[in-house]
Protein chains: 4
Amino acid sequence: MPGSTFGTLLRLHTFGESHGEAVGGIIDGFPAGFRPDFEAVQLQLNRRKPGQSSITTPRKEDDKLEILSGLFEGLTTGAPIAFMVRNKNANPADYEHLRDVYRPSHADFTWQSKFGIRDHRGGGRSSARETLSRVVAGALAEQWLATFGISVTAWVSAVGPIQMPDDIQVLNRQQIDAYSVRCPHEDTANKMIELIEELRHDGDSTGGVISAQILGLPAGLGEPVFDKFHAELGKAILSINAVKGFEIGSGFSGSSLRGSQHNDAFVASAEGEIETAANNSGGVQGGITNGAPVYFRAAFKPVASIARPQDTVNKQGEHEVISIHGRHDPCVVPRAVPIVEAMAALVAADFLLRSNAIINTLKG
Amino acid sequence: MPGSTFGTLLRLHTFGESHGEAVGGIIDGFPAGFRPDFEAVQLQLNRRKPGQSSITTPRKEDDKLEILSGLFEGLTTGAPIAFMVRNKNANPADYEHLRDVYRPSHADFTWQSKFGIRDHRGGGRSSARETLSRVVAGALAEQWLATFGISVTAWVSAVGPIQMPDDIQVLNRQQIDAYSVRCPHEDTANKMIELIEELRHDGDSTGGVISAQILGLPAGLGEPVFDKFHAELGKAILSINAVKGFEIGSGFSGSSLRGSQHNDAFVASAEGEIETAANNSGGVQGGITNGAPVYFRAAFKPVASIARPQDTVNKQGEHEVISIHGRHDPCVVPRAVPIVEAMAALVAADFLLRSNAIINTLKG
Amino acid sequence: MPGSTFGTLLRLHTFGESHGEAVGGIIDGFPAGFRPDFEAVQLQLNRRKPGQSSITTPRKEDDKLEILSGLFEGLTTGAPIAFMVRNKNANPADYEHLRDVYRPSHADFTWQSKFGIRDHRGGGRSSARETLSRVVAGALAEQWLATFGISVTAWVSAVGPIQMPDDIQVLNRQQIDAYSVRCPHEDTANKMIELIEELRHDGDSTGGVISAQILGLPAGLGEPVFDKFHAELGKAILSINAVKGFEIGSGFSGSSLRGSQHNDAFVASAEGEIETAANNSGGVQGGITNGAPVYFRAAFKPVASIARPQDTVNKQGEHEVISIHGRHDPCVVPRAVPIVEAMAALVAADFLLRSNAIINTLKG
Amino acid sequence: MPGSTFGTLLRLHTFGESHGEAVGGIIDGFPAGFRPDFEAVQLQLNRRKPGQSSITTPRKEDDKLEILSGLFEGLTTGAPIAFMVRNKNANPADYEHLRDVYRPSHADFTWQSKFGIRDHRGGGRSSARETLSRVVAGALAEQWLATFGISVTAWVSAVGPIQMPDDIQVLNRQQIDAYSVRCPHEDTANKMIELIEELRHDGDSTGGVISAQILGLPAGLGEPVFDKFHAELGKAILSINAVKGFEIGSGFSGSSLRGSQHNDAFVASAEGEIETAANNSGGVQGGITNGAPVYFRAAFKPVASIARPQDTVNKQGEHEVISIHGRHDPCVVPRAVPIVEAMAALVAADFLLRSNAIINTLKG
């Protein structure tokens, strides 16, 4: 059944396979009268794009965005914004050897089990190329959020066993992009890059962690009970290819603390605003934002496509040995940074719209 | 806007505040012709109930379930199943001192910010008492899942800094309930109980981790892209009060491994079934179940209600010191076990229904 | 699958069978901080209730409303409002003869076909008693709409072949309730009453038409394309038991006109407001309200329960003759007036919330 | 907020403006493993296309369909099917005079009121060109329905005051397309054509009625209470541009009958199947199909674009006289026939998927 829609009042529907005609989507519910900056959208696409640096795949994708609807003289009209990027560079013969074999820890077997048919070329619909559509929609969402003073920033905080020290304060994307690995701490970044190059040489891969923060959210976003802010955010992040874990605020490590250590005392600011002295809650209490920064982390598993020979089976259950050559990243997290930002922006924008529905009506 | 509904084809709508008339819900989409065992539902309610043992709150709640609709001569009819449990034991005066003060790390401030009004008695709608409705619905869902050979089991794997060894294989609820703390490892359980009693004595609290597994799921559940099995499961678990983290399969620790270590090789079983040799994926690949056990972990923050004095502010932003006396658990995870089971069962049942819609139609 | 939910931002979930424990519902998404007038709700329930006058069924139902959640000190809190009315007066033996027989033009056969089981007592879930929940929710919605100057009024414009003249301007519910048949035109009302009494004597029934108007709606409600104002309104009205037709504005009769006759010329009012000179559009153009009154009509089929003997079959397909004695209305439209009002109010309130989401965000 | 999605398990999302880059959509939830016949889809597009005959607009649209995703080697894969048709023939200058004026009974004023901005070229998003996407999706749905023996057929039963006699039994699309007006009754068709040509000469327009039937539906489709089969069908049909009325079965005329005349007696067929002797219900009882043909009628208002001068106002509220020259149909119903078929097919396919979810699970 349908599963390619995200959001409630700001909705993204995506389509497309890695080696089909195009990937793209429809954004429905985007506010009218807004003038998007498509150069800024393209920038985020470029950050997601393969072949950016020595540590990412040299595979070239010329992700040229085409807007099909929803704008008039440069402004959104309230109508659905459809967009697409044509696929290029597809040579089906390159993938013929994967037609009947199941790559370990890919979606080949599960898709076949579910649908009885699959497009085996480059992962088909399960390819991370689908996330391109999320980056487009997320980039538009974050431009709209910026008009409310809300920003989203993500960075790489771990690559394999190498972790960034906790005490680094992250400021902006320029600082993050200063290193190809998108970790804004020089020493750590260099070690990460070294590890990734070593893995490439070994025909191996690794996972990593992306950290992110949303600044400027007003208190009151998120719906009590099931549609809590961090529950929707968690779903959004967990829906990104390769993500196996999500935590907000103190997360897993907070579970070992005592309540007296963990509770965020309320204080009044000099301006009389009610704030929290600490932020173990990660900006969300009872599923609703409290005005403090929302911060969260996402765990990415190691890239499943590796050059080293692996045991697997084919459709008939016969043993095969597979080596996945080709242009794959040894570690996906640097390129996943704009994808995490995109999903976080979509969640924040959706909740802003959802909350306004209530807030506004009381003024009627 | 609305946020009290969970699920797509099997839907739970909940209602009720801690100290209102009743808590309850409507289950819509439950298959017809099924004979629920309400004694088994009551058993799960009892496992959630306060006052079960020396380590939980002595607060007594007599959670007597009343079914209002959807059954006929003991069988489900396809009509919505409404149920409720009356609230008792409410003395509004007990909560009068909380009317204008914001308890740290509770939902008091955020609810007030969002809605401009709140029921301050016992957390109101944000009280964990709401999860009672989830347990009812989840218990029905797991009974239905059992007819397909699917089971859900959760247990406590950490209380504060005390963690259960990883190599314990968990078998069933009897083993889990052998210890009041619901950790099925004797040495660990005893240490956990000791810690909890110490915390109670100190007027403090702690968090913990619940681990869980879903066995018997067929391959093919979960929808590609946004409605991935583990994305919906993650949302479900993160929507439980106090949960700040979720991971499936190898989770956060898997992100430090290499692809060659982490990938789950496919093998053919003696019966010719395609399986994975390892299960770092946690039973889900590309968002779709692969037939292996689904296992996951949920991080619970320390209980926010503690007797120790805390700094906070009231509605006017004035400083107050608050000590939350009353009947609160020093650690909520033992009682949260059936809640985690309930949410996991709802997700599994919903996806089974969603997947059948597709599977079946091809046979038309 | 689920089908008992109506609405997008203001949602009603209903439950209950005619002779089960209770009927009721949950309203999710109702704005916080509103003080409902439950006496006014009860008034609308009384207008729906059987046994109001000589022309309705003498069956007594004491529809006493119980609110279970969502209010605090008389104000809505933003939490779901659950409510129920206990069923009384049920004697299962009265319905035993209907256990295996399919009443013509009832839902007995179709429910059995769909679910393989049914509650045969008084129509079970398909009973019009379910509409009681709609009246409760609709009455709350219209109270909230009233704060924006929006009102909903319905009346009986036809009973069987007897039609009210078109040129009657309807003003308020007092005028409508002046006649037991709820047609505000004395001569017509008297003829209708006469017909209904004749039908009761004959053990027969008839259908009718309800007309309605929504006044005070701002321009801009309704969403382009699929969720047009009148498309959602049409669904809402067609979901009422026995409704077989819906038309807005000029409706079916307008289809025989010429464009030059039918088009609603725009004019500027003395105050500079843009209005239409005529209102063949019924207040909706391109699926969006234009600020003119929304008016519509609903066709109700004849009541299916009649005392006259009818041919039918039982579950085994064997011929039976059935006479449905009991306390049934010969014509349901007088009592359906508040149900039509309720559904129209829910649609209007939902669209007001949906539109505000957009309207408000532009002011951010 | 979002309004461009139709359906629950089979979902259509549409996009595009009359004079933007393209119109198209995404179909999500289409069953996997199906081989669509795109020539048959094109045939339905051709039936919708302007310029088919002397009685439709001579405006040429070369609606060439491009499939962007969701197919692999000619088969559906379960992934979203995206498609589009490029817009051509757009000369923005042709529409400059409409930038600030509100055409009577069009969506110009209401769109502007709602969104504060509009694409004035050819109706923008409110143009009937959007229905092209519905025809594509509906044509795919009806091909899939055909594998279950289900068919959908619509025809013109009235043009202005000229109505087809009731006793005509309609068999297939060939009979319907035998006349350019798509009324399968020769005498009536000729009179209709004559009227339309007269209207064109007068610079005027008219409305009409489309009748339709769905054959071969199993009993059991449709969900009780709000998502009744005919309520969703009504919404679908009312969402088509220019539709102001919908009725199923006996509809408005049935409301004047007596129950004893209107009730559909159940009988057993020679094969032991339970059927109804008559079909005033139009194949739906209690919102659920009973296996009899579903038939319904849709009222279309007169085309709003007429050459005759009309009074209106501009954005500033100043009086203007407007004559809408250009290539408009004097009567839209002949071309709307495939649109009605498309929406009915989408509803039937969606309910088939929704019902199977329940039906199948009982067999688990």
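Two strands are taken to pair if DSSP finds at least two bridges between them, and this criterion underlies the exercises below, which concern a predicted model.

**Exercise 1. Determine how β8 of chain B is paired with β10 of chain B, and name one residue pair that stands opposite across them.**

Solution. Begin with the two segments, which are residues 151–159 for β8 and residues 208–215 for β10 in chain B. Between them there are 8 bridges, and since the criterion asks for at least two, the strands count as paired. Their direction is antiparallel. As for a residue pair, B:T153 has B:Q213 of β10(B) opposite to it.

**Exercise 2. Work out the strand order of the open sheet that contains strands of chains A and B, and identify its edge strands.**

Solution. The sheet holds 10 strands, and its order is β9(A)-β8(A)-β10(A)-β16(A)-β11(A)-β11(B)-β16(B)-β10(B)-β8(B)-β9(B), with antiparallel pairing. The edges are taken by β9 (162–163) of chain A and β9 (162–163) of chain B, each of which pairs on one side only.

**Exercise 3. Explain why β9 of chain C and β9 of chain D each have one side without a neighbour in their sheet, and describe the join between the two chains.**

Solution. First write down the order of this open sheet of 10 strands, which is β9(C)-β8(C)-β10(C)-β16(C)-β11(C)-β11(D)-β16(D)-β10(D)-β8(D)-β9(D), again antiparallel in its pairing. The β9 strands (162–163) of chains C and D stand at the edges with a single partner strand each, so one side of each is left without a neighbour in the sheet. In chain D, that partner can be followed to residue level: β8 (residues 151–159) is joined to β9(D) by 2 antiparallel bridges, and D:V159 has D:I162 as its bridge partner. The join between chains lies at β11 (residues 243–248) of chain C and β11 (residues 243–248) of chain D, which run antiparallel and share 3 bridges. There, C:F246 is the bridge partner of D:F246.

**Exercise 4. Characterise the contact between chain D and chain C by its residues, buried area and polar pairs.**

Solution. Count the residues on each side: chain D contributes 109 and chain C contributes 107. The area buried between the two chains is about 8100 Å², of which 62% is on carbon and sulfur atoms. On the side of chain D, the residues that lose the most area to chain C are D:M1, D:F226 and D:K244, which together make up 11% of what that side buries.

Turning to the polar terms, there are 53 residue pairs in polar contact between the chains, and the side of chain D that touches chain C comprises 46 nonpolar, 40 polar and 23 charged residues. The salt bridges between chain D and chain C number 10, while the search over all chains of the structure finds 104. One bridge is formed by C:K235 and D:D227, with an N to O distance of 3.1 Å; it runs from helix α6 (residues 229–238) of chain C to the loop between β10 (208–215) and α6 (229–238) of chain D. Another pair is D:K235 with C:E232, whose closest N and O atoms are 3.2 Å apart.

**Exercise 5. Establish how chain D and chain C are related, and whether they meet through the same surface or different ones.**

Solution. Superposing chain D on chain C takes a turn of 180° with a shift of 0.0 Å along the axis, and gives an RMSD of 0.0 Å. The two copies are therefore related as by a two-fold rotation axis. Next, compare the residues used: 98% of the interface residues of chain D are interface residues in chain C as well, so the copies meet through the same surface.

Definitions and conventions. Residues are numbered from 1 along each chain as its sequence is written. Chains are lettered from A and ligands numbered from 1 in the order in which they are written. This is a predicted model: local features need pLDDT of at least 70, side-chain atom pairs count only at pLDDT 80 or more; totals for chains, interfaces and linings use all residues. Side-chain values use heavy atoms; hydrogens and water are left out. Contact means heavy atoms within 4.5 Å. Buried area is the accessible area (1.4 Å probe) that two parts lose on being put together, summed over both. A salt bridge is a side-chain nitrogen of Lys or Arg within 4 Å of a carboxyl oxygen of Asp or Glu. A polar contact is a pair of N or O atoms within 3.5 Å; within protein, one must be able to donate a hydrogen and the other to accept it, and residues adjacent in sequence count only if both atoms are side-chain atoms. Ala, Val, Leu, Ile, Met, Phe, Trp, Tyr, Cys and Pro count as nonpolar, Asp, Glu, Lys and Arg as charged, and the others, Gly among them, as polar. Helices (H or I, at least four residues) and strands (E, at least two) are DSSP runs, numbered from the N terminus. Copies are superposed by least squares on the C-alpha atoms of residues with pLDDT of at least 70 in both.
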